[in-house]
Amino acid sequence: MNTARIQTSLQTLFQDETRWAHSGRRVVFWYDPEAQFQETFDELTLPNVEKLQLADTPFTTKYRLLIQEPTQNFLLYAPFPEPPPHENWLLDLQKSALSFSADRAALIFTEFGFRQRSLETTIREHLKFFDSRKRLDALLAMKLPSDTSDQDLLLAMQSVLVNLKMPDASSLLRRVLQAGLLESDNPLWADLTRFLSAQSFWQTVQIHTDFHDPTPSLLKFFTRLLITHFEKSLHGSLPAQLERQVITPGQRAYAFIEQWMRDQQDSKGWQELSQSVSEELNIANVISHLTPDALYETATFEDVDQLLIRTCVQALKAQSGDLSRWRTWFQSRQTLVWFPKYAAMYQALEAAIALLELKQKYAAGFRQSSVSLFKAYASELYLFDRTYRAFITASDSAHGDILKSLVEDIESLYTNWYLETLGEAWSDALTQKWELPNVLPQTQFFSHYISPILNRDREKAFVIISDALRYEVATELKEQIEQELRGTTSIEAQFGVLPSITRLGMAALLPGSKLEFSPDASDVYIDGLSSKGSVSRLQVLKQSSSVSPTILPASDLLMMSTEQGREAIRPHRLIYIYHDCIDAIGDKSASERQVFKACEDAITELLRLVKKICNSLNGTYVTITADHGFLYQRKSIEEPDKIPLPRGSEVITTGRRSTLCLSPDDEPGLLTFQIPYCSDGRVAVVPRGSLRFSIKGAGSQYVHGGASLQEICVPVITYHHQRAKGDDGPVRKVGVQVNARSRRITNNRFSIHLMQTDPVEGRYRTRTVTVGLYEPQNITLISDLKVTVLSSISPHPTEREVIVRLTITTPSPPATALLIIRDQEDESELIRETWAVNLGITNDFGDF
């Protein structure tokens, strides 16, 4: 053995403060059973250390160390084996001293600065591990404390073998399992058993997960972890064939899987392993009899989501039971690991539930006066169309065929019941004169909404006209504006023009006193001026308005820099902005299927426009409206379902939903209206309800031009922007509070009732929180950490309550613990409460 290395090791041993449990003089015993280091001992020179070779004179040694030189540091070299304790007359001195040995294991032991002598044996038993300088350096880099135990050292060595920077049992087990559940194909398992031992690995497993088996294997270990997690998160009894695989008591196993499945980096690997075990155990069949109220908080297997979705589809098709329960169950799944994969399906199911509930509410139909029905559509009936759009959008994004039969049922509900029933009721309520008493017509848009703004000194009026922005789409846009901007937002409905076509609707939104079709109906005149195209419309604005107007395409304005935008509007007080997203997609047969996607894009673009106007261009008053709405159904319309064009004289123009002509024949399925835009007596003829005319050309699923509520209930969103004044009216997240009669926990699994203090509306946004129980001294987690989304829009506090189930994951929790709720986005602490913990039976996992 190199003398220099021994000298360096001894100097380190004497000088390193962390290795000594006491202050004062230091004594090191060096037993050399075969006296092979006698010459090395003689050559050693240690500063401030007296060398003394032991002989058969223990009392003389004691006298010197304790009486003659009580403060002197000593290296006591014994060229003989260490005597047993009952024969060791220097045992009392040795108890306060450190031991040194010059063999390889002892030098490694000394290099690490360990105190516990048994670690030298552990090192000696695994010297092959230390053959690699890379492994030794990695272990040294962990800076293990001097009071490291044998198990701590083994865990550190195992962590090195799986390329961890620090000892971590959870990460160690994850990496080994993710490398493969078959030992023969697992390279990490090969290293662990080659340089350490399988026994040491399974010992680590037992300590940190409670798993123990006479013949352990990685597959058996992971399978039992999953079954234990499944059992702890299940509401009810575990299937009998799985009961023998549950680890007891199970808290550590449950916590291990819970943390792994929620880890952003390792979750994907966990999912793959879970799927493989699920196939091996045929979990889909094993759990097929379990009910949704037992499964809704379980995410151990992907099969649970598939079973819940299939069961919900069956319930919706049968329209049986309380469908509202599904909302609660779906909400509980939003933060679970498999939810993103099935989010579109869950969204489609929620939309389907809402449609069925609306149908139940209006089971008697929609018969009422035209004015009442128009107002009912603007206040609530539009939700049929909005929810149908949400269903189709979500189902388009869903994978697989699970929703296929439900899509057919919802399509039938929407087209065969809702559109037909509402269309018939509305058609019967209308008179032959196209007007509604006490309902603002679209032709009065400018005088009613824009003129009052211009009458204020210096105020600019921004008017955004979005082609085919249907009323229900506008309601969603209004909600987005309220959430994203400070200000006052409102939406009203105006009675659209007929035919509900672009050239007439666009003209109706301009100022003027007289609206009239050109002889061939290809143009609409306003006080004698053409309204075709932006140039003509600007002339109308200049003639009919007392302020300087300008017209901008929305796409151009969005592309402008702040300075370019300000320069474009600087001399003008009336800014008309034309936006075309929905109609541009829907009016083409090749793309009409994407019209609902275009609605989403339109909402995004219009929100950007409003933000740019208010934040960059200093706009205050923004009005958003449309020329017309539209009808759309996903189901293809066959020729037998269409009606022929009306027979009559001098037909001017025809479309899928309207025609202008003189003296049409009175035919079933048609409605005829006198309109004020034809001076020669021509009338508008439209199909009843949602029927289409049979004509060649563009598609027929997306149409407009007719008299349906979806086409002529035209939205007007008014937004008055408010500048920030300190903290007045900022956008904020909803609040949260804990509702509990007492702050006491009596079971390992317990429930926390959270109250969302505000509904998500106006300036209040959704908040995502984490909820967990912590040890009060070091603030370490002693339960699973649950993520909860607070997103209720209900005005009723009781409907905004959320129940969060937590499971204590430590076998011996403290008598008091901290319930901490944090905002997941910025990790700000929202609630910190002290709760008493009094577990009568540690393994009792019942709810209180």
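**Close-up views of a predicted model**

**Figure 1. Lining of the largest cavity.** Leu419, Leu422, Gly423, Trp426, Leu631, Gly689, Ser690, Ser708, Leu709 and Gln710 form the lining of the largest cavity in this predicted model. The volume of this cavity is about 60 Å³. Helices α21 (404–429) and α30 (709–712) each contribute at least two of the lining residues. Helix α21 provides the largest share, with four residues. Classified by type, the lining comprises five nonpolar and five polar residues, and no charged residues.

**Figure 2. The second largest cavity.** In the whole structure, two cavities of 30 Å³ or more are found, and the second largest has a volume of about 30 Å³. Its lining consists of Trp426, Ser427, Leu430, Arg657, Leu671, Pro687, Arg688, Gly689, Ala707 and Ser708. Five of the residues lining the second largest cavity are nonpolar, three are polar and two are charged. Trp426, Gly689 and Ser708 are among the residues that line this second cavity, and they also appear in the lining of the largest cavity.

**Figure 3. Packing of helices α20 and α23.** Two packed helices are described by the angle between their axes and by the distance separating those axes. Helix α20 (residues 370–397) packs with helix α23 (residues 471–484) at an angle of about 95°, and their axes lie 8 Å apart. Angles of 65 to 115 degrees count as roughly perpendicular, and α20 and α23 are therefore roughly perpendicular to each other. On the α20 side, the contact involves Tyr377, Ala378, Tyr382, Asp385, Arg386 and Arg389. On the α23 side, these residues meet Tyr471, Glu472, Val473, Thr475, Glu476 and Glu479. The residues of this contact comprise five nonpolar, one polar and six charged.

**Figure 4. An open sheet of three strands.** The strands of this open sheet are arranged in the order β21-β23-β27, and their pairing is antiparallel. Strands β21 (736–739) and β27 (801–807) occupy the edges and have a single partner strand each, so one side of each lacks a neighbour in the sheet. From one strand to the next, the twist averages 35°.

**Figure 5. Pairing of strands β23 and β27.** Strands of a sheet pair through backbone hydrogen bonds, in either a parallel or an antiparallel manner. Strand β23 (residues 749–756) and β27 run antiparallel and are joined by seven bridges. Within this view, Ser751 is placed opposite Arg805 of β27.

How values were computed. Residues numbered from 1 in each chain as written. Predicted model: local features only at pLDDT ≥ 70, side-chain atom pairs only at ≥ 80, totals over all residues. Heavy atoms only, no water. Axes fitted to C-alpha atoms, helices over the stretch in contact; angles between N-to-C directions. Parallel < 35°, antiparallel > 145°, perpendicular 65-115°, else oblique. Contact = heavy atoms within 4.5 Å. Nonpolar A, V, L, I, M, F, W, Y, C, P; charged D, E, K, R; others polar. 1 Å grid on protein atoms, 1.4 Å probe; cavity = no way out; pocket = protein on both sides within 12 Å on 5 of 7 lines; lining within 4 Å. Points joined across faces, edges and corners; volume = space filled by probe spheres on them. Pairing = 2+ DSSP bridges.
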